[in-house]
Amino acid sequence: MIETDYLILSVVICTYNRASLLRLAVESVFVQEISPDCYELIVVDNASTDATSEVVEQLFAGRKNMRYVFEKEQGLSYARNRGWREARGDYVIYIDDECLLPSGYLEAAVRIIQLHNPEIFGGQIKSFYDFKKPEWVKDEYYSDFLDRKTGVLSHSEYVYGGNMGIRRDTLRRVGGFNTNLGMKANELSFAEEVEFQQRTIESIPDLKVYFDSNLWLYHHVRKEKVNLKWILKFHFSLGLKGLEGFNAIKAYKSMPVHRKMIRIMEIIVGISYRIIRICARLFILVFWRNENYPYWQQYLVERIFGIEVKKIGVYYAEIGYILLSLRKKDAHG
């Protein structure tokens, strides 16, 4: 067991209306094979309206290294920022309220810190289910980085917020997460952790981001997600409010008005082209689907939702930003 005479880790779980799942996540922290003197657990309640506070109070009874914090500003980025501001450890580890940690998780995190001293680190996110999943569902639809190798990442690679550790001084230095990004209640929105890492790279040119495949955890897949309608919405939202959409709108901040108008026409053409591709792929789905997709749902998810619908989401992000910037310009004369 790793033991130190100082607080290395602050484990932060941000939660909203998931009391039953939160219980499992918290209990998985309790069974860690590491001295309680090495870490603290902070649960940030992001304005939940269920029994979250009562569940946490019950779980934390008699435990000195556990704290509950209520954050009234709705949004995952607000909750994460509150977490690192409350933290006392050298590093802040963020895990989702739907996660389960293997018993050696925190010990693996401490080893990464001691051996590699990164500003940011992360690992694999593996899906698990509490129901019998349909045969067409692949774990990779809900998991991340299962095939990534251990090592220092390039500045074009990132770790995700469901399994991410950050030096607390680094969070303070760059101001934490952008509160305009990220989930708000049950609204699908993304990219806050990637935008944070992009900003951090700009502030710290020699930034070290370390990925370790041994730092893995389970992420619970709710039954409502194993549904084609939900997956369709997810991929559209991933384009609209994810990394690709976020990066796409950067170019428009200094673009002249006439070029923006031209771009609107290009986007309309682009959306029309994607709709034609969707129709063509649906034709293939019915008549020529090959052995790579034994289930028609897999072709729909991987070839239509994951490519065409996601790209349409990116187009919507672009055109929405352009129209908003034009309205602001008109308002200011």
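Two strands count as paired if DSSP finds at least two bridges between them. With that in hand, a walk through this predicted model can start at strands β1 and β4. These two run alongside each other in the parallel sense, joined over six bridges. One spot to look for is L9, which stands opposite Y91 in β4. Strand β4 also has a partner in β9, a strand made of residues 163-167, and here five bridges link a pair that runs antiparallel. At I95, for instance, the bridge partner in β9 is N163. In general terms, the strands of a sheet are held in pairs by backbone hydrogen bonds, either parallel or antiparallel.

How enclosed is β4? Of the six residues in this strand (residues 91-96), five are buried, so β4 is largely enclosed by the rest of the structure.

Back in β1, which covers residues 9-15, sits S10. Its relative accessibility comes out at 0%, and since anything under 20% is called buried, S10 is counted as buried too. Leaving aside residues up to four places away in sequence, S10 touches E40, A87, R88, G89, Y91, V92 and I93. R88 deserves a second look: its backbone nitrogen lies 3.3 Å from a polar atom of the S10 side chain. Y91, also on the list of residues that S10 touches, is the residue that L9 faces across the pairing of β1 with β4.

A separate stop is a set of three strands that form an open sheet with mixed pairing, in the order β5-β11-β7. The edges are taken by β5 (99-100) and β7 (125-128), each pairing on one side only. Between β5 and β11, the latter spanning residues 217-220, the pairing is antiparallel and rests on two bridges. Across from C99, in β11, stands H219.

The tour ends at the second largest pocket, which holds about 510 Å³ of space. Its lining is made up of 21 residues, and N180, L181, L240, K241 and I249 are the closest to its centre. Which elements give two or more residues to this lining? They are α7 (228-241), α8 (243-248) and α10 (296-331). Helix α10 supplies the largest share, with six residues. Sorted by class, the lining comes to nine nonpolar, eight polar and four charged residues.

Notes. Residues numbered from 1 in each chain as written. Predicted model: local features only at pLDDT ≥ 70, side-chain atom pairs only at ≥ 80, totals over all residues. Heavy atoms only, no water. Helix = DSSP H or I, 4+ residues; strand = E, 2+ residues; numbered from the N terminus. Buried < 20%, exposed > 50% of the residue type's maximum accessible area, 1.4 Å probe, protein only. Polar contact = N/O pair within 3.5 Å; in protein donor to acceptor, adjacent residues only side chain to side chain. Contact = heavy atoms within 4.5 Å. 1 Å grid on protein atoms, 1.4 Å probe; cavity = no way out; pocket = protein on both sides within 12 Å on 5 of 7 lines; lining within 4 Å. Points joined across faces, edges and corners; volume = space filled by probe spheres on them. Nonpolar A, V, L, I, M, F, W, Y, C, P; charged D, E, K, R; others polar.
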